[in-house]
Amino acid sequence: MNSLIHISEAASLALHTMAYLAAEPGRKASTHEIARVMGASEAHLAKVMQRLGKAGLVVSQRGPGGGFTMAKRPEQVNLLEVYAAAEGQLGEVGCLLGRPVCGGHCIMGELLGKLSQEIKDYFANTKLSDLTAEWGKVASNA
């Protein structure tokens, strides 16, 4: 089934992984563990983790007993930061058809702009700490 709103796999992995780590902020989690819990490719997750590390959201420790931990407390990180680390900054909404056929007057009216702003506001105002109750259940079952 198709969805009008789409978030890339990389962004989805980044958001879910950060929520998973936020459930137990001091605990290290390996790429293998996170990929297993998320049902994702370890190789793809490793690339996402590199982006999160480069953005200063996670730190990694190599070797036996190594893994990833959060670089900041869950209440200091919002979903927009995580999304931007994976995909870059959110831009303006363009034509769904990818064509300038409407001459500046979108057939969707202001709907796309309003939805985009609502999602952006949700991401900006939702901290990882807001998600820990649900993800604590997942983390404890890992």
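Leaving aside neighbours within four places in sequence, which residues is Ala71 in contact with? In this predicted model, the answer is a short run of chain: Gly56, Leu57, Val58 and Val59. Ala71 itself sits in the loop between strand E2 and helix H4. With a relative accessible area of 38%, Ala71 counts as partly exposed. Another residue to look at from here is Leu52, which lies 19 residues from Ala71 in sequence, while the two C-alpha atoms are 9.7 Å apart in space.

Stepping back from that loop leads to the strands. Strand E1 covers residues 58-61, and four bridges join E1 to E2, with the two strands running antiparallel. In this pairing, Gln61 stands opposite Gly67 of E2. Together E1 and E2 make a hairpin, with five residues between them. The turn of the hairpin holds Gly63, whose phi is positive at about 90 degrees.

So how do the side chains of E2 sort themselves out? In a regular strand, side chains alternate between the two faces of the sheet. Strand E2 spans residues 67-70, with Gly67 and Thr69 pointing one way and Phe68 and Met70 the other way. Are these four buried or exposed? All of them are buried.

Phe68 also turns up in the surroundings of helix H2. Thr31, which belongs to H2, touches Phe68 as well as Glu42, Leu45 and Ala46, when residues up to four places away in sequence are not counted. Thr31 has a relative accessible area of 18%, and because buried means under 20%, this residue makes the cut. Thr31 has company: helix H2 runs over residues 31-38, and its buried residues are Thr31, Glu33, Ile34, Ala35 and Met38. A helix has its own rhythm, since an α-helix has 3.6 residues a turn, so residues three or four places apart point the same way. Just after H2 comes Gly39, with a positive phi of about 65 degrees.

Now for the helices further along the chain. H4 and H5 pack with their axes 5 Å apart, at an angle of about 110 degrees. Since angles of 65 to 115 degrees count as roughly perpendicular, H4 gets that label relative to H5. On the H4 side, the contact is made by Leu79, Leu80 and Tyr83; on the H5 side, it is made by Lys120, Tyr122, Phe123 and Ala124. Sorted by class, the contact of H4 with H5 has six nonpolar residues, one charged residue and no polar ones.

Some of these contact residues carry aromatic rings. A pair of aromatic rings is described by the distance of the centres and the angle of the planes. How many aromatic pairs are there? The count comes to two. One is Tyr83 with Phe123, a tilted pair at 6.0 Å centre to centre, with 55 degrees between the planes. This pair links distant parts of the chain, as Tyr83 lies in H4 (residues 79-87) and Phe123 in H5 (residues 111-125), 40 residues apart. The other pair is Tyr122 with Phe123: the ring centres are 6.2 Å apart and the planes are at 55 degrees, so this pair is tilted. Ring pairs thus link Tyr83, Tyr122 and Phe123 into a cluster.

How do the three rings fare for exposure? Tyr83 counts as buried, at 15% relative accessibility. Phe123 is buried too, at 8%. Tyr122, at 46% relative accessibility, counts as partly exposed.

Technical notes. Residues are numbered from 1 along each chain as its sequence is written. This is a predicted model: local features need pLDDT of at least 70, side-chain atom pairs count only at pLDDT 80 or more; totals for chains, interfaces and linings use all residues. Side-chain values use heavy atoms; hydrogens and water are left out. Buried means under 20% relative accessible area, exposed over 50%, partly exposed in between (1.4 Å probe, protein chains only). Rings of Phe, Tyr and Trp (its six-membered ring) pair if their centres lie within 6.5 Å; planes under 30 degrees apart count as stacked, over 60 as edge-to-face and the rest as tilted. Two strands pair if DSSP finds at least two bridges between them. Contact means heavy atoms within 4.5 Å. Axes are lines fitted to C-alpha atoms, for helices over the stretch in contact, and angles run from 0 to 180 degrees between N-to-C directions. Angles under 35 degrees count as roughly parallel, over 145 as roughly antiparallel, 65 to 115 as roughly perpendicular and the rest as oblique. Ala, Val, Leu, Ile, Met, Phe, Trp, Tyr, Cys and Pro count as nonpolar, Asp, Glu, Lys and Arg as charged, and the others, Gly among them, as polar.
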